[in-house]
Amino acid sequence: MEKSLSAVIEDYLKAIYKLQAGTGKVSTSALAERLGVTAPSVTSMISRLAELGLVRHDRYRGVRLTEAGTRAALEVIRHHRLWELFLATTLDIPIDRLHAEAERLEHTLSDELEERIDAVLGHPRRDPHGDPIPTREGTLIEDNARPLSTLDPGTEGTVSRVPDSDAAFLRYLTELGLVPGRRVRVAETAPIAGTLVVETGGERHAVSSTLASRILVDPAAE
Ligand SMILES: [Zn+2]
């Protein structure tokens with residue numbers, strides 16, 4: 001199915017927002033890679049977005065969202081994360097399938113339905129992957145979480161955030177019980193071997209530090 005122009009624009013704004021948060025400077029090639037499109041099509045879409053007042057682009061600072069662009073990006077991120085939580089809690093869709101469904105649904109949500117979903121879910125601040133849901137005003141909750149790989153042996157905490165779009169990885173984490181809300185304790189670390197032994201739900205699992213670096217844990221949370 002061909003995407004509508006507004007859906008394409010929203011995907012760009014979301015991608016720029018996420019790249020900006022990660023690396024600061026957003027290049028045309030980074031955007032092309034993230035969106036799976038060619039550099040020339042990114043270049044022409046960027047000038048279109050600039051005309052709409054949603055981005056600014058210069059050679060030194062790369063592509064940046066304007067205030068209007070940031071608001072629009074947060075709106076679509078809000079839709080995406082509300083849908084993920086709604087699908088998980090009301091339709092029982094498994095965690096590894098939420099992202100793909102929300103990628104489609106995020107572009108079609110009326111203000112009325114958005115408000116209704118938000119209210120039914122009790123004005124949630126996090127989606128099932130632990131990602132913060134922006135409020136209507138565009139504010140996000142703060143994160144104190146740290147990568148599981150950086151915790152010392154004996155440290156305990158609550159899994160607060162896992163990557164949302166890697167379905168195979170999410171299925172594996174579900175098997176291990178390393179999903180948001182679950183308690184986890186670092187039992188042993190073997191830095192040279194690059195592994196950790198973690199305890200969760202009364203079971204011990206050896207995981208690689210690469211895997212553990214993708215799981216955020218809030219050591220303070222009960
Ligand atoms: Zn997602």
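## A guided tour from the pocket outwards

Helix H1 gives four residues to the lining of the largest pocket, the largest share of that lining. The model on screen is predicted, and the tour begins at this pocket before moving to the domains, the cores and several single residues.

**Stop 1: the largest pocket**

Select Tyr-17, Lys-18, Ala-21, Gly-22, Arg-34, Leu-74, Ile-77, Arg-81, Pro-132, Leu-140, Ile-141 and Arg-161; these residues line the largest pocket. The volume that they surround is about 270 Å³. Next, colour helix H1 (5–23) and helix H4 (67–90), since each of the two supplies at least two residues of the lining. Colouring the lining by class shows seven nonpolar residues, four charged residues and one polar residue.

Where does the largest pocket lie with respect to domain 1 and domain 2? Domain 1 (5–65) and domain 2 (77–142) both give residues to the lining, so the pocket lies between them.

**Stop 2: the domains**

Now colour the chain by its domain assignment, which gives domain 1 (5–65), domain 2 (77–142) and domain 3 (146–218). Taken over C-alpha atoms, the centres of domain 1 and domain 2 are 24 Å apart. Where these two domains touch, six residues of domain 1 are in contact with seven residues of domain 2.

**Stop 3: Lys-14 in helix H1**

Return to helix H1 and select Lys-14, which is found there. Is Lys-14 buried or exposed? Its relative accessibility is 7%, and therefore Lys-14 counts as buried; the limit for this class is under 20%. Show next the residues around this side chain: beyond its neighbours within four places in sequence, Lys-14 is in contact with Ala-73, Val-76, Ile-77, His-80, Glu-103 and Glu-106. One of these partners, Ala-73, is 59 residues from Lys-14 in sequence, yet the C-alpha atoms of the two are 5.0 Å apart in space. Another of the partners, Ile-77, also belongs to the lining of the largest pocket.

**Stop 4: the nonpolar cores**

In soluble globular proteins, nonpolar side chains tend to be buried together. Select Leu-148, Leu-173, Leu-178, Val-184, Val-198, Val-207 and Ile-215: these have the most contacts inside the largest nonpolar core, which has 23 residues. At least two residues of this core come from each of H4, helix H5 (95–105), helix H7 (167–176), strand E5 (183–190), strand E6 (195–200) and helix H8 (209–212). Which element gives the most to this core? H7 does, with four residues. Seen by domain, the core draws at least three residues from each of domain 2 (77–142) and domain 3 (146–218).

Centre the view on Leu-173 and display its contacts. Leaving aside neighbours within four places in sequence, Leu-173 is in contact with Val-162, Leu-178, Val-179, Leu-211 and Ile-215. Apart from the largest core lies another core, of 18 residues; Ala-32, Ile-46, Leu-54 and Ala-73 are among them. Ala-73 was met at the previous stop as a contact of Lys-14.

**Stop 5: Arg-56 in strand E1**

Move to strand E1 (residues 55–58) and select Arg-56, which has its place there. With a relative accessibility of 56%, Arg-56 counts as exposed; the limit for that class is over 50%. Its contacts, neighbours within four places in sequence left aside, are Gly-62, Val-63, Arg-64 and Thr-66. For a distance to draw on screen, take the C-alpha atoms of Arg-56 and Gly-69: these residues are 13 apart along the chain, and the atoms are separated by 9.5 Å.

**Stop 6: two loop residues with positive phi**

Select Asp-92 in the loop between H4 and H5. Although Asp-92 is not a glycine, its phi is positive, at about 60°. Asp-92 counts as exposed, because its relative accessibility is 64%.

Then select His-123, found in the loop between helix H6 (111–120) and strand E3 (146–147). His-123, also not a glycine, has a positive phi of about 50°.

**Stop 7: Gly-181**

Finish in the loop between H7 and E5, where Gly-181 is found. Its relative accessible area is 56%, so Gly-181 is exposed. Which residues does Gly-181 contact, leaving aside its neighbours within four places in sequence? They are Thr-158 and Val-159. To link this stop with the start of the tour, draw a line from Gly-181 to Ala-21: the two are 160 residues apart in sequence, and 25 Å apart in space, C-alpha to C-alpha. Ala-21 is one of the residues that line the largest pocket.

Conventions:
Residues are numbered from 1 along each chain as its sequence is written. This is a predicted model: local features need pLDDT of at least 70, side-chain atom pairs count only at pLDDT 80 or more; totals for chains, interfaces and linings use all residues. Side-chain values use heavy atoms; hydrogens and water are left out. On a 1 Å grid over the protein atoms alone, a cavity is a set of points where a 1.4 Å probe fits but cannot get out, and a pocket is an open set with protein on both sides within 12 Å along at least five of seven lines; lining residues have an atom within 4 Å of a point. Grid points are joined across faces, edges and corners, and a volume is the space filled by probe spheres set on the points. Ala, Val, Leu, Ile, Met, Phe, Trp, Tyr, Cys and Pro count as nonpolar, Asp, Glu, Lys and Arg as charged, and the others, Gly among them, as polar. Domain bounds come from an automatic or database domain assignment. A nonpolar core is a set of buried Ala, Val, Leu, Ile, Met, Phe, Trp, Tyr and Cys residues joined through side-chain atoms within 4.5 Å. Buried means under 20% relative accessible area, exposed over 50%, partly exposed in between (1.4 Å probe, protein chains only). Contact means heavy atoms within 4.5 Å.
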